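Me: I am new to this structure and would like a close look at a single part of it. Could you take the salt bridges as that part, and then connect them to some of their surroundings?

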Amino acid sequence: MNSSDISRLFQEHGTEMILETGDILFRQGDASDAVFYVLSGNLTVHASEGASDPLQINTIEAGELVGELGAITRHPRTATLIAASRVALSCISTSDFRALLADSLYLVEAMTLTNREHLIAADMARIQSGKAHRQLQKRVASLGEEKDQLQELLRLREELEAMVVHDLRNPLNTVMMALNLLERMKDEVKDPISFTLAIRLANGAAKRMNQLIATLLDIARLEAGKLVLNITEFDLSILLGEVIEMEQQGLKKEVEIVTQTEPGLMVKADRDVLWRVMANLLDNALKFAPSESSIEITAQVLENRTVRIRVIDDGPGVPPEERKRIFEKFTRIRDAAHRNYGGTGLGLTFCRMAVEAHGGSIRVDAGPSGGGSCFSIELPQD
């Protein structure tokens, strides 16, 4: 018996039905109440074991029987069938199909051939599934090894950072103590002016190294989620005034720093951390600002109760393609003339991580006039 004979059998005894894409013909576990012959379209076969998600194991095409084994054994459906396209089927109830089977030897022959094809297809699907499962197991094992290696590298990096910072800070403290002692002895030297200058330069270098070590420590704590913020409410204009006063000491070029902040503007944040963020941003602006230019610092409360602080300079600006990368560790951006302005590439990284630890954001754009840089911080206050 060929497919045309089966088709004619279902035309004579079956009832036609239509499924749209995504319709379910029957579900795994349903009663085997009918046999179907696919006239056009195709269905996908899905099966699951226990509570696992259903897995597609086969496809039923036009000209194939569906559900004949369930009609013979009266066992529940062993899979779920879903229309993968618009499907036309002919349906014969299980009782009628069993009656036809009893009277038709050729139908038994056709059933045997069909079941053989289904078993072969199921075996092939099982073999492919087994291969895929073994490959997945190997990949999972490989990922587990990679994860262990990465965790070990992270542990070693943290230990190395702690060791480097410790080994830097101890001799630095000794240097600073010696400098303080020498400063008290300046009246005993023959050239006090040169002696005082040397002491000042050495003190400045030691302070910069101490700030670098503090930044490295804070970045490591922020990355590990171990920096505890001490959130208090304070007057932002006073903090900005302190930062400006500190940065103006020893300034070697004529740069005017202008603030536009409401007196008494209160902000909730970790005061020490925000002080260092603003010091980093202002120091960065002073480094790039040309002589006889100005730097503007503004602060305002937005409608969503977010405080926005901006630091605007007239320097060379940051190229658009570098504006995200500039906040990554050890990044140093060159200007259009390919001049490198030095620095460790850690200050802006600290700013980003410190602001994000407050639940805020930081970004850099061109200045309002189209040139220079505008660093914007937004800190939520709720």
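**Salt bridges and their surroundings**

Reply: The side chains of Arg363 and Asp365 meet in a salt bridge, with N and O 2.7 Å apart. The model in which this pair is found is a predicted one, and a search of the whole structure finds eight salt bridges. Of the two partners just named, Asp365 is partly exposed, because its relative accessible area of 24% falls between the limits of 20% for buried and 50% for exposed.

Another of these contacts joins Arg325 to Glu322, and here the closest N and O atoms are 2.7 Å apart. The two ends of this salt bridge fall into separate classes: Arg325 is partly exposed, with a relative accessible area of 36%, whereas Glu322 counts as buried at 19% relative accessibility. Glu322 is placed in the buried class because that class takes in residues under 20%.

A further salt bridge is formed by the side chains of Glu146 and Arg139, for which the N to O distance is 3.8 Å. Glu146 is partly exposed, with a relative accessible area of 35%, and Arg139 is also partly exposed, at 44%.

From these charged pairs one can turn to a residue with a polar contact of another kind. Gln381 lies in the segment that comes after strand β15, which covers residues 373-380. Gln381 is buried, with a relative accessible area of 8%, and its side chain reaches the backbone nitrogen of Lys268 at 2.6 Å. Once its neighbours within four places in sequence are left aside, Gln381 is in contact with Met266, Val267, Lys268, Arg305 and Val307, so that Lys268 appears both in this list of contacts and as the residue whose backbone nitrogen the side chain of Gln381 reaches.

Strand pairing gives one more view of how parts of the chain are placed beside each other. Strand β7, made of residues 80-83, pairs in the antiparallel sense with strand β2, made of residues 24-26, and two bridges connect them. Strand β4, which spans residues 43-47, also runs antiparallel to β7, and four bridges join these two strands. Within β7, Leu81 is the bridge partner of Phe26, and Leu81 is likewise the bridge partner of Val45.

How values were computed:
Residues are numbered from 1 along each chain as its sequence is written. This is a predicted model: local features need pLDDT of at least 70, side-chain atom pairs count only at pLDDT 80 or more; totals for chains, interfaces and linings use all residues. Side-chain values use heavy atoms; hydrogens and water are left out. Two strands pair if DSSP finds at least two bridges between them. Buried means under 20% relative accessible area, exposed over 50%, partly exposed in between (1.4 Å probe, protein chains only). A polar contact is a pair of N or O atoms within 3.5 Å; within protein, one must be able to donate a hydrogen and the other to accept it, and residues adjacent in sequence count only if both atoms are side-chain atoms. Contact means heavy atoms within 4.5 Å. A salt bridge is a side-chain nitrogen of Lys or Arg within 4 Å of a carboxyl oxygen of Asp or Glu.
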